[in-house]
Amino acid sequence: MDYINRETLIDQMTNQMQLLMDHYGLEDIGIYEEEGAGNDYYLGYTVRKDGKVFMLNMPYMKDEFGRLTLKNREWTIQSDDGELKGFHSLDEVFNKGLF
């Protein structure tokens, strides 16, 4: 497994935010981060569309140096209404998910 610095991942994601806003018609977008139990870490986006806020994230594993590696390539959608898993791309999230 290749581990990448958290900051590098966040920089790459930040560079995509305006493109994502324009492409998917988002009202707002930001970086989403959550530390899970043990070495679990979740990284993705917080987005607002049609006045609703959603957290979109993928699971990572953190090493002893704080670097991250992707556990699997599945996006999860979290909202006040619950959680949906198993999306393989952001296109799937926005076209087949809650949007």
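Student: Leaving aside residues up to four places away in sequence, which residues does I29 touch?

Tutor: Good place to start, and keep in mind that this is a predicted model. I29 belongs to the largest nonpolar core and is listed among the members that touch the most others. Once residues up to four places away in sequence are not counted, I29 touches M17, L20, M21, Y45, T46 and V47.

Student: Which element gives the most residues to that largest nonpolar core, and how many?

Tutor: The core has 24 residues, and I29, Y45, L56, W75, L90 and V93 touch the most other members. At least two residues come from each of α1, β2 (40-49), β3, β5 and α2 (90-96). The top contributor is α1, with seven residues.

Student: Is Y24 buried or exposed, and what is its relative accessible area?

Tutor: Y24 is found in helix α1, which spans residues 6-24. Buried means under 20% relative accessible area. Y24 counts as buried because its relative accessible area is 13%.

Student: Which residues is Y24 in contact with, leaving aside neighbours within four places in sequence?

Tutor: One partner, K49, is 25 residues away along the chain, and the C-alpha atoms of Y24 and K49 are separated by 8.8 Å. With the neighbours within four places set aside, the contacts of Y24 are K49, L90, D91 and F94.

Student: Which residues of β5 point one way, and which the other way?

Tutor: Strand β5 covers residues 75-79 and is mostly covered, with five of its five residues buried. In a regular strand, side chains alternate between the two faces of the sheet. In β5, T76 and Q78 point one way, and on the other side are W75, I77 and S79.

Student: In β5, what is the bridge partner of N57?

Tutor: Strand β3 (residues 52-62) and β5 run antiparallel and are joined by three bridges. For N57, the bridge partner in β5 is T76.

Student: How many residues make up the hairpin connection from β5 to β6?

Tutor: β5 pairs with strand β6 (residues 82-87) in the antiparallel sense, over four bridges. One of the residues involved is S79, whose bridge partner in β6 is G82. The hairpin joins β5 to β6 through two residues.

Student: What percentage of the chain is helix and what percentage is strand over residues 3-96?

Tutor: UniProt, in an unreviewed entry, lists residues 3-96 as "domain: GK1464-like". Across that stretch, the end C-alpha atoms are 30 Å apart. The chain there is 28% helix and 46% strand.

Note on methods:
Residues numbered from 1 in each chain as written. Predicted model: local features only at pLDDT ≥ 70, side-chain atom pairs only at ≥ 80, totals over all residues. Heavy atoms only, no water. Buried < 20%, exposed > 50% of the residue type's maximum accessible area, 1.4 Å probe, protein only. Pairing = 2+ DSSP bridges. UniProt positions renumbered as here; feature names shortened; annotations may be inferred. Contact = heavy atoms within 4.5 Å. Core = buried A, V, L, I, M, F, W, Y, C linked by side-chain atoms within 4.5 Å.
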